[in-house]
Amino acid sequence: IIFSLLFSSMDRSVGIALGAGVLLGALAGTAVMGLCSSSRCCPKKCKRTVQNDVILTAYFAVQADKLKTAISLLPKMIASTSEEPGCYVYKPVVQEGGSTICFHEVYADADAVLAHLSKAGSMIGELAAISTVRLEVSGPPAQLAKLKQPLAKHNTTYFEVSVAGHCSCR
């Protein structure tokens, strides 16, 4: 069983996914893993500054009878993000015993988020059509300002981060 514990000290939220890879694979009939492109964000263990990083957590509360359909979209969504410059982490997880899919995403800046939304918009739309969507976006004020209008139609909570962190790819 895969155990994933994600902790963001920026918004003090904890997301736990038990057996997500196994569950996604079983429901979708294929192995599904998230994207961690640490080789792109920190190829030399450089402890890069993350002062402009934008962390997006998207919650899709899927209609219970549409969960298998939603999960079948995930491999294509993951593959689509694998070549996006500025997308450092893209990891969907399914709520244990529930019908919510949560995407943990980290981008270099707001422009990378906007590029992602442009490229993956139709797939996101398919998932949103069978879900209730809620977003949490963390980042520096200047980066969040670029996202407020494009994300205005979604139920979005913003968390301003005023101190830079560091890349801890090991």
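In this predicted model, the side chains of glutamate 136 and arginine 134 meet in a salt bridge, with a distance of 3.0 Å from N to O. The two partners differ in their surroundings, since glutamate 136, at 13% relative accessibility, counts as buried, whereas arginine 134 is partly exposed, with a relative accessible area of 34%. Both positions fall within the span of strand E7, which covers residues 131-139.

The count of salt bridges comes to two. In the other pair, lysine 146 is joined to aspartate 111, and the closest N and O atoms are 3.7 Å apart. Because lysine 146 lies in helix H5 and aspartate 111 in helix H4, this salt bridge ties together parts that are 35 residues apart in sequence. Lysine 146 is partly exposed, with a relative accessible area of 39%, and aspartate 111 is likewise partly exposed, at 44% relative accessibility.

Strands E5 and E6 form a hairpin with five residues between them, and glycine 97, which sits in the turn, has a positive phi of about 70 degrees. The two strands, E5 at residues 87-94 and E6 at residues 100-107, run antiparallel and are joined by seven bridges. Within this pairing, valine 94 stands opposite isoleucine 101 of E6. Strand E5 is mostly covered, in that six of its eight residues are buried; cysteine 87, for its part, counts as buried at 1% relative accessibility. Cysteine 102 is also buried, at 9% relative accessibility. A search of the whole structure nevertheless finds zero disulfides.

The hairpin also contributes to the interior. The largest nonpolar core has 32 residues, and those with the most contacts inside it are Phe60, Val62, Met77, Ile101, Phe103 and Leu127. Strand E4 (54-62), helix H3 (67-81), E5, E6, helix H4 (110-129), strand E7 (131-139) and helix H5 (141-148) each supply at least two residues of this core.

Phenylalanine 60 illustrates how these elements meet. When its neighbours within four places in sequence are left aside, phenylalanine 60 is in contact with Ser99, Thr100, Ile101, Phe103, Ile124, Leu127, Ala128, Ser131, Thr132 and Val133. Among these partners, Ile101, Phe103 and Leu127 are themselves listed with the residues that have the most contacts inside the largest nonpolar core. Isoleucine 101 thus appears both in contact with phenylalanine 60 and opposite valine 94 in the strand pairing.

Terms used. Residues numbered from 1 in each chain as written. Predicted model: local features only at pLDDT ≥ 70, side-chain atom pairs only at ≥ 80, totals over all residues. Heavy atoms only, no water. Disulfide = S-S within 2.5 Å. Buried < 20%, exposed > 50% of the residue type's maximum accessible area, 1.4 Å probe, protein only. Helix = DSSP H or I, 4+ residues; strand = E, 2+ residues; numbered from the N terminus. Pairing = 2+ DSSP bridges. Core = buried A, V, L, I, M, F, W, Y, C linked by side-chain atoms within 4.5 Å. Contact = heavy atoms within 4.5 Å. Salt bridge = Lys/Arg side-chain N within 4 Å of Asp/Glu carboxyl O.
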